[in-house]
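Work through the following exercises with the sequence and the model at hand, trying each task before reading its solution.

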Amino acid sequence: MKSRLRNIILISIACVLLLVIILCSTVFTVKNIKVNFLDNNHIMSETEVLTQIEDSGSIAKGHSVFIFSKNKATKTLEKNIPYIRVINLETICPDTIRVNCVERKDCYAIKVGNVSYLVVD
């Protein structure tokens with residue numbers, strides 16, 4: 001009876017360790033980032049947004065797709081790229097993150113000083 005219980009515990013521990021090793025392996029690291037505009041009228045191209053995403057470091061290649069914080073990345077993206085509004089981030093296993101976004105539309109432009117404008121969406 002005790003040996004059976006011990007075997008169940010050992011198998012459970014082995015399964016958990018195997019799961020952790022698989023989830024943290026290089027198979028499930030971010031290798032591709034795709035940008036998907038949900039509207040057709042946009043000024044910025046997908047490659048421009050992708051370049052800004054990679055430059056800002058909000059979605060870092062090489063990190064696990066399972067440990068990746070979508071809420072933190074969304075806030076960082078919207079802060080660093082004010083022209084887009086992120087709808088959601090999708091994890092496409094095993095190695096892709098897709099950013100679904102729309103471009104913000106300008107409603108008002110308020111002149112501040114002689115050169116700069118404050119744009120309100």
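**Exercise 1: the sheet**

Task: determine in what order the three strands form the open sheet, and which are the edge strands.

Solution. The three strands form an open sheet in the order 1-3-2, with mixed pairing, where strands are DSSP runs of E with at least two residues, helices are runs of H or I with at least four, both numbered from the N terminus, and two strands pair if DSSP finds at least two bridges between them. Strand 1 and strand 2 are the edge strands, each pairing on one side only. Strand 2 and strand 3 pair in the antiparallel sense over eight bridges, and Asn88 stands opposite Asn100 in strand 3.

This is a predicted model, in which local features need pLDDT of at least 70 and side-chain atom pairs count only at pLDDT 80 or more, while totals for chains, interfaces and linings use all residues. Residues are numbered from 1 along each chain as its sequence is written, and side-chain values use heavy atoms, leaving out hydrogens and water.

**Exercise 2: the core**

Task: find how many residues the largest nonpolar core has, and which elements each supply at least two of them.

Solution. The largest nonpolar core (buried Ala, Val, Leu, Ile, Met, Phe, Trp, Tyr and Cys residues joined through side-chain atoms within 4.5 Å; buried means under 20% relative accessible area with a 1.4 Å probe, protein chains only) has 20 residues. Strand 1 (32-37), helix 2 (46-56), helix 3 (70-80), strand 2 (84-92) and strand 3 (96-103) each supply at least two.

Terms used:
Buried < 20%, exposed > 50% of the residue type's maximum accessible area, 1.4 Å probe, protein only.
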